[in-house]
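Q: Please take a single part of this structure and go through it closely, with attention to side-chain exposure and to any charge pairing. I would like one connected account rather than a list.

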Amino acid sequence: MSPIASVDDTEMTLEKFKRMKQEILRLQEENEILKKAINSFPSS
């Protein structure tokens, strides 16, 4: 499969796109965990 050209003229392969999508999902999950952790502490 050929690379995909992006807006800034860099190329992205399907494999790189899949890795980035997985990383985004992981970061979103971590963000939700951190939000829950922050909410578990009493506010001053």
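**A close look at helix α1**

A: Phe17, at 41% relative accessibility, counts as partly exposed, since that class covers the range between the 20% limit for buried residues and the 50% limit for exposed ones. This is a predicted model, and the values given here are computed from it. Phe17 lies in helix α1, and although 13 residues separate Phe17 from Ile4 in sequence, their C-alpha atoms are 9.3 Å apart in space.

Turning to charge pairing, a search of the whole structure finds three salt bridges. As a general matter, side chains of opposite charge can pair when their charged atoms come close. One of the three pairs joins Glu23 to Arg26, where the closest N and O atoms are 2.6 Å apart, and this fits the 4 Å cut-off used for a salt bridge. The helix itself helps to place the two partners, because Glu23 and Arg26 are three residues apart in helix α1, which spans residues 14–40, and so are separated by about one helical turn. Neither side is classed as buried: Glu23 is partly exposed, with a relative accessible area of 34%, and Arg26, at 36%, is partly exposed as well.

Arg26 also forms a salt bridge with Glu30, and there the closest N and O atoms are 2.3 Å apart. These two residues both belong to helix α1 and stand four residues apart, again about one turn of the helix. Glu30 has a relative accessible area of 35%, which means that Glu30, too, is partly exposed.

The remaining salt bridge is formed by Glu32 and Lys35, whose closest N and O atoms are 3.5 Å apart. Glu32 and Lys35 are three residues apart in helix α1, so about one helical turn lies between them. In terms of exposure, Glu32 is partly exposed at 39% relative accessibility, while Lys35 is placed in the partly exposed class at 42%. Through salt bridges with shared partners, Glu23, Arg26 and Glu30 are joined into one network, with Arg26 bonded to Glu23 and also to Glu30.

Conventions: Residues numbered from 1 in each chain as written. Predicted model: local features only at pLDDT ≥ 70, side-chain atom pairs only at ≥ 80, totals over all residues. Heavy atoms only, no water. Salt bridge = Lys/Arg side-chain N within 4 Å of Asp/Glu carboxyl O. Buried < 20%, exposed > 50% of the residue type's maximum accessible area, 1.4 Å probe, protein only.
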